[in-house]
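Biologist: I am new to protein models and would like to learn how to read one. Could you take me through it step by step?

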Amino acid sequence: FTYAGAPGTYNLNLGAGAGIWYQKNGWSVSANYVSANGDSGSPQVGGVIGNAGGGIGTAASQQTGTLQVGYAASNWGAAVAYNYSDGVGPASGTPFAVLAGLGAFADTVNSFGLSAYWQPSTSGWVPSISAGWGINGYSEANTAFNFDGVQSQSWYVGLQWADAFIKGNALGMAVGQPTFVSGNGNNNFSPQDGNYAWEWWYKFQVTDNISVTPAIYYLSNPLGQGSFVANQTSGGSGAALTNFGGIIKTTFKF
């Protein structure tokens, strides 16, 4: 729920790089390039999953390039983004979706994300709404795994009520699908990678600088297709793994 519904587009790749940002009259345009192996002066490719080489703009860079165009008005906004990655796929999602983006399986990943939000002018029963969707297309790197044409998707919808019950507090919920393989490309299998995530939370604003936020969450099938494979391998029926839990977050601002 923290990647605008598109973890593949808003990639968490870190390393050497550069970025530019321009803003005027509510519009903003930004672009960046990151090379995870930019600190290495040996640009050869090595290893099956990891790269022994590096450099900037090479086959071993593990590089990403992102472009975003957005617009923000007084109470709403929207953004569209594109990401090109080489050896660095979605940072989160099912194991199958993350594995497909590794350099040993998919040569490159092209990702597209669309997100928007709206909030009422005054707090009340009508919540603010945010939503996002992302899609990723994988190109083949290793014919033994045949990931050419595979697609994955993700999305979320979030609601937040400001001043819920007590002024300064907030109530929120979100539902969506973490990145999951949605298309098999040229493979002869039908992916069973779909999964859902739900979250409810309430923020207590204890003081101006301290807030406490308890939350509960439910994951319907966090391992995606891997859950069915693992279950069947161990002699089970292939039923999906589920997960329910809670957290308490305390935030200090200075």
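Modeller: Let us go from the overall fold to the surface and then to the aromatic rings. Please keep in mind that this is a predicted model.

Biologist: How many helices and strands does the protein chain have?

Modeller: There are two helices and 11 strands. In sequence order, the pattern of the protein chain reads β-β-β-β-α-β-β-β-β-β-β-α-β.

Biologist: What share of the residues counts as buried?

Modeller: Buried means under 20% relative accessible area. In the protein chain, which has 254 residues, 35% count as buried. The chain exposes about 13600 Å², and carbon and sulfur atoms supply 61% of that area.

Biologist: What do the contacts in the protein chain say about positions far along the sequence?

Modeller: Take the contacts with a separation of 6 or more: residues 24 or more positions apart account for 55% of them.

Biologist: Now the surface, please. Which residues form a nonpolar patch there?

Modeller: The patch is made of Tyr22, Trp27, Val29, Leu67, Val69, Val80, Phe112, Leu114 and Trp133, with about 790 Å² of accessible area together. Strand S2 (27-35), strand S3 (63-72) and strand S5 (106-118) each give two or more residues to this patch.

Biologist: Let me pick one member. Where is Val29, and is Val29 buried or exposed?

Modeller: Val29 sits in strand S2. Partly exposed covers the range between 20% and 50% relative accessible area. Val29 has 37%, so Val29 is partly exposed.

Biologist: And how do I read a pair of aromatic rings?

Modeller: Two values describe such a pair: the distance of the centres and the angle of the planes. This structure holds nine aromatic pairs. One of them joins Trp27 and Tyr71, with 4.9 Å centre to centre and 55° between the planes, and is tilted.

Biologist: Why does the pair of Trp27 and Tyr71 tie together parts that are apart in sequence?

Modeller: Because Trp27 lies in strand S2 and Tyr71 in strand S3, the pair links parts that are 44 residues apart in sequence. Trp27 is partly exposed at 48% relative accessibility, and Tyr71 is partly exposed at 27%.

Biologist: What about the rings of Tyr196 and Trp198?

Modeller: Their centres are 5.7 Å apart and their planes are at 25°. Planes under 30 degrees apart count as stacked, so this pair is stacked. Tyr196 is partly exposed at 36% relative accessibility, and Trp198 is partly exposed at 32%.

Biologist: Which residues do ring pairs link into a cluster?

Modeller: The cluster consists of Trp155, Tyr196, Trp198 and Tyr218.

How values were computed: Residues numbered from 1 in each chain as written. Predicted model: local features only at pLDDT ≥ 70, side-chain atom pairs only at ≥ 80, totals over all residues. Heavy atoms only, no water. Patch = residues over 30% accessible without salt bridge, like charges linked within 9 Å, V, L, I, M, F, W, Y side chains within 5 Å. Areas by Shrake-Rupley, 256 points an atom, 1.4 Å probe, with all protein chains shown as cover. Salt bridge = Lys/Arg side-chain N within 4 Å of Asp/Glu carboxyl O. Helix = DSSP H or I, 4+ residues; strand = E, 2+ residues; numbered from the N terminus. Buried < 20%, exposed > 50% of the residue type's maximum accessible area, 1.4 Å probe, protein only. Phe/Tyr/Trp six-rings, centres within 6.5 Å; stacked < 30°, edge-to-face > 60°. Contact = heavy atoms within 4.5 Å.
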